Amino acid sequence: MHIPDGFLDGSVAATMAVPAVAAVAYGVRRAGRTLDDSKVPLLGVTAAFIFAVQMLNFPVAGGTSGHLMGGALAAVLLGPWLACIVMAVVVAGQAFVFADGGITALGANIFNMGVVGALGVGLAMVLARRILPANRTVFLSVAGVGAWASVMLGALLASAQLGLSGTVPFATVLPAMLGVHALIGIGEAVITVAALSAVLATRPDLIDGAGFGPLSTAPLTPAAEVAS
Amino acid sequence: MSGSHDHAGGGPVGDLTSRVHRLDPRAKIVGLVAVTLVGVSTPISAWEVWVACGLVLAAVAAAGRVPARVIWVRARVVLPLVIVVAAFIPFFRGGEVVASLGPLDVSREGLEVLGSVAAKATIGTVSAVLLGATTSVPAIIRGLETMRVPRLLTLIAAFMYRYLFVIAEELRRMRSALASRAYRPRTALQAAALGRMATALFLRTFSRGERIYLAMLARGYSGRMPRLDPLRLARADAVFVGLILLTLLPLRVIS
């Protein structure tokens, strides 16, 4: 889903850069007010962590494989705005260092693979806390569904951008992209839920730290009480 | 999602003392991004501009003595995506039909889209590869920092690059531990073990982040990264950017 240079029409690439830059710029300004210096190395190693786990391939039907995107995981661990920043750095690093994803498509790629997942899952978490009971099952379900949806939404956006650019016929590409990503999304959801339940069991304070409120005071598994 | 970052990795190659390698990173960023912008904004009717972009990139590669094999290995990530576009060509309706493969018609419009996407993707990817092959990542980050990219982003990028290979190596060891216990997932539903592994890795990463900050404090960190060698633009940098722009812009305007 890393869109290379030349796959997007100039106007589509420029249009997609607007929300990507806006979200990252807002995140940076917000971090300037609320983030203390000691968290900067932490964000850096988390970016390296997301970069590394994107190498985790898992099988999808028919011999193809997908890999983790990490946007939903980052959103829960860091909060939506810091996740935007970290995902933007990861995607930009892939473009500059590995030539994976075009420099001119950077806005679209950051938006599809980072901003949408980070803000979408962040918003879902906030809403869930308002209207649903705060417990482990709800938390993990929202994270899992959010992870799946973030992959599907990213695939939908990428197909729409490629279709609008006239690179591929939208009506033909959309079912193919969504079909493959429905399965990749399951992998993303399974990994995200397993990762978060393990964090809940060992370091629930980290999730509390991301601003998702009273979740860590909700009853956890017995194993968690032993471990913490 | 076909991105695989398992390949050789970035880092400068070729003659590390060449004129191109010694240029200011900002000059290389501006010059090579300009090649990409010109290439990507050119329509297929002005294909001579793509040839000129290719020649400029070849000249940069030759001046930096970047081996063709390295460019090929690093640029081929883009290949599967171009093939995917090729697979959709028959579905383009309308336009003049130039060939038929069984029930599918290949239209001129479809071929033009493929040619234009392939040319632009090649120019963009090779530009990025040459930037990475002639400039160290810390230098690129410093260049971006002096080009007014927010300091938080460049700091995160610097830490990410510093620890990427450490963490990737840790991940590799954890994967071989899983594999040696006969873990071989066949469906996406069996990916949960990867998630628990990701958590173990994240917790290690997290405590590493805390340790790094304490170590930085112990070395007198006060919120700024000290720089020993300020970046300076020299005449060679102006010549590099000037030559690229003088070659491509007039041609782009008249075609």
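**Figure 1. Helix 4 of chain A and helix 8 of chain B meet in a right-handed crossing.** Welcome to the first close-up of this predicted model. The two partners are helix 4 of chain A, residues 80-98, and helix 8 of chain B, residues 151-180. Their axes lie 10 Å apart, and the packing angle is about 60°. At that angle, helix 4 of chain A counts as oblique to helix 8 of chain B, because the roughly perpendicular class begins only at 65 degrees and the roughly parallel class stops under 35.

**Figure 2. A close look at the residues where helix 4 of chain A touches helix 8 of chain B.** Which residues does each helix bring to the contact? From helix 4 of chain A come A:Ile85, A:Val86, A:Val89 and A:Gly93. Helix 8 of chain B answers with B:Leu152, B:Leu153, B:Ile156, B:Ala157 and B:Met160. By type, eight of the contact residues are nonpolar, one is polar and none is charged. The polar one is A:Gly93, because Gly is counted among the polar residues here.

**Figure 3. B:Val166, another residue of helix 8 of chain B.** Is B:Val166 buried or partly exposed? It has 14 C-beta neighbours inside 10 Å, so B:Val166 counts as partly exposed; a buried residue would need 20 or more. Now look for B:Thr205 in the same view: B:Val166 and B:Thr205 are 39 residues apart along the chain, and their C-alpha atoms are separated by 9.8 Å.

**Figure 4. Chain B, the setting of helix 8.** Stepping back a little, chain B has 10 helices and two strands. Following the sequence, the order of elements is α-α-α-α-α-β-β-α-α-α-α-α. The C-alpha atoms of chain B occupy a box of roughly 70 × 55 × 30 Å along the principal axes. Its radius of gyration is 23 Å, whereas a compact globule of 255 residues would come in near 18 Å. Of the 255 residues in chain B, 38% are buried. Among chain B contacts between residues at least 6 apart in sequence, 73% link residues at least 24 apart.

**Figure 5. Chain A, the setting of helix 4.** Chain A is built with nine helices and two strands, and the elements run α-α-β-β-α-α-α-α-α-α-α along the sequence. Buried residues account for 61% of the 228 residues in chain A. For contacts in chain A with a separation of 6 or more, 73% are between residues 24 or more positions apart.

Conventions. Residues numbered from 1 in each chain as written. Chains lettered and ligands numbered in written order. Predicted model: local features only at pLDDT ≥ 70, side-chain atom pairs only at ≥ 80, totals over all residues. Helix = DSSP H or I, 4+ residues; strand = E, 2+ residues; numbered from the N terminus. Rg over C-alpha atoms; globule rule 2.2 N^0.38 Å. Buried ≥ 20, exposed ≤ 12 C-beta atoms within 10 Å, placed from the backbone. Contact = placed C-beta atoms within 7 Å. Axes fitted to C-alpha atoms, helices over the stretch in contact; angles between N-to-C directions. Parallel < 35°, antiparallel > 145°, perpendicular 65-115°, else oblique. Left-handed = near helix turned anticlockwise from the far one by under 90°.
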